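Subject: Structure handover

Hello,

Here is the structure we talked about. Please have it open while you read the notes below.

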Amino acid sequence: MNPYYFYTNDFVRDGSCTYVYDPMSNQTFTGRDNNDWVEGQSTWTEGGEVTKCNIPWSDLEYMTTAVSNQAPYECGEILKVKFPETGREILVKVVDTVDGYPPHRLNLHRQAFLALGADLDFGIIDVEIKPSPELEEEMFGRYLLEVLQVAYPRYDVTDYEFIGEEELSDDRRRETYEFIVESGDERVKVRGTVTYNPQTDRVMSFDLEEVEFDHNNG
């Protein structure tokens, strides 16, 4: 299950909507300074009912992966994965571990493998892997990413940027992110904002708004 609850009217593709979040008290967030791409490989899997991270394979619309139990990646961490052969990049969440895999080999869910533009018959592909420290350090970016995956279930998140934060009052702060989502020849830039209480880390609302739409992206 996604770690939030949201209530909204029907989502309008070319509009915006607001999500209300009841945060889980035991969530923790960690960052990492390494911004470099790491060369690795990926296989694919249909997933299963139980994972060692207790996070379902269906999280983030199946944009999920297992990692080696010797990998430097943690349960729940968001990774950016690039398939150089197609140039496609996706964001995936670590939901499981695999014994005996090399440290930088991923076992992507079938849907994520296909989202890279890879053929399932390949079995194993060369990829580049990059932890997403901006999303880890700016902790609510992770939740906006998950909400975005729900709001755009047939789109792939291919890039993101932390825009900044604004102090609204002593107990209200707003963080802003921009995400790029793509599907076929459609490319959409979505601005996400989250307003929260910095004293308690309790989130008051999410908002997603399309700010740029391109029908003919390369």
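To begin with a charged side chain: Arg105 lies over the face of Tyr101, at 5.4 Å from the ring centre. Please keep in mind that this is a predicted model. A second arrangement of this kind involves Lys82, whose charged end sits over the ring of Trp37, 4.5 Å from the centre of that ring.

Both Tyr101 and Arg105 also turn up around Ser68. Leaving aside residues up to four places away in sequence, Ser68 touches Val98, Tyr101, Pro102, Pro103 and Arg105. Ser68 is part of strand E3, and its relative accessibility of 2% makes it buried. Pro103 is 35 residues from Ser68 along the chain, yet the C-alpha atoms of the two are separated by 5.4 Å.

Overall layout

The protein chain has three helices and eleven strands. Read from the N terminus, the order of elements is β-β-β-β-β-β-α-β-α-α-β-β-β-β. The chain has 218 residues, of which 45% count as buried. Among contacts with a separation of 6 or more, 68% are between residues 24 or more positions apart. The accessible surface of the chain is about 11000 Å², and carbon and sulfur atoms account for 41% of that surface.

Disulfide

How many disulfides does a search of the whole structure find? The search finds one. It joins Cys53 to Cys75, with an S to S distance of 2.0 Å. The angle about the S-S bond is -70 degrees, which makes the link left-handed. Cys53 is in the loop between strand E2 (38-45) and strand E3 (64-68), while Cys75 is in the loop between E3 and strand E4 (78-83), so the bond ties together parts that are 22 residues apart in sequence. The two ends are not equally covered: Cys53 is buried, at 12% relative accessible area, whereas Cys75 is partly exposed, at 44%.

Aromatic pairs

The structure holds four aromatic pairs. In one of them, the ring centres of Phe140 and Tyr196 are 4.3 Å apart and the planes meet at 50 degrees, so this pair is tilted. The pair links distant parts of the chain, since Phe140 is in helix H3 (residues 140-151) and Tyr196 is in strand E10 (residues 186-197), 56 residues apart. Phe140 is buried, with a relative accessible area of 3%, and Tyr196 is likewise buried, at 4%.

Another pair is made by Tyr152 and Tyr155. Here the centres are 5.5 Å apart and the planes are at 85 degrees; the angle is over 60, so the pair is edge-to-face. Tyr152 has a relative accessible area of 2% and is buried. Tyr155 is buried too, with a value of 10%. Elsewhere, ring pairs link Phe162, Tyr177 and Phe179 into a cluster.

Helix H3

Is H3, the helix that holds Phe140, largely enclosed or largely open? Eleven of its twelve residues are buried, so H3 is largely enclosed by the rest of the structure. The buried residues are Phe140, Gly141, Arg142, Tyr143, Leu144, Leu145, Glu146, Val147, Leu148, Gln149 and Ala151. The list includes residues with charged side chains, Arg142 and Glu146. The length of H3 also agrees with expectation: at 1.5 Å a residue, twelve residues should span 16 Å, and the end C-alpha atoms are 17 Å apart.

Positive phi angles

Most residues other than glycine have a negative phi. Which residues, then, have a positive phi without being glycine? Leu60 is one of them, with phi near 55 degrees. Leu60 is placed in the loop between E2 and E3, the loop that also holds Cys53. Leu60 is buried, at 3% relative accessible area.

Asp201 is another, with a phi of about 65 degrees. Asp201 is found in the loop between E10 and strand E11 (202-214). At 34% relative accessibility, Asp201 counts as partly exposed, because that value is neither under 20% nor over 50%.

Regards

Methods:
Residues numbered from 1 in each chain as written. Predicted model: local features only at pLDDT ≥ 70, side-chain atom pairs only at ≥ 80, totals over all residues. Heavy atoms only, no water. Phe/Tyr/Trp six-rings, centres within 6.5 Å; stacked < 30°, edge-to-face > 60°. Helix = DSSP H or I, 4+ residues; strand = E, 2+ residues; numbered from the N terminus. Buried < 20%, exposed > 50% of the residue type's maximum accessible area, 1.4 Å probe, protein only. Lys NZ or Arg CZ within 6 Å of the ring centre and 35° of its normal. Disulfide = S-S within 2.5 Å. Expected span 1.5 Å × (residues − 1). Contact = heavy atoms within 4.5 Å. Areas by Shrake-Rupley, 256 points an atom, 1.4 Å probe, with all protein chains shown as cover.
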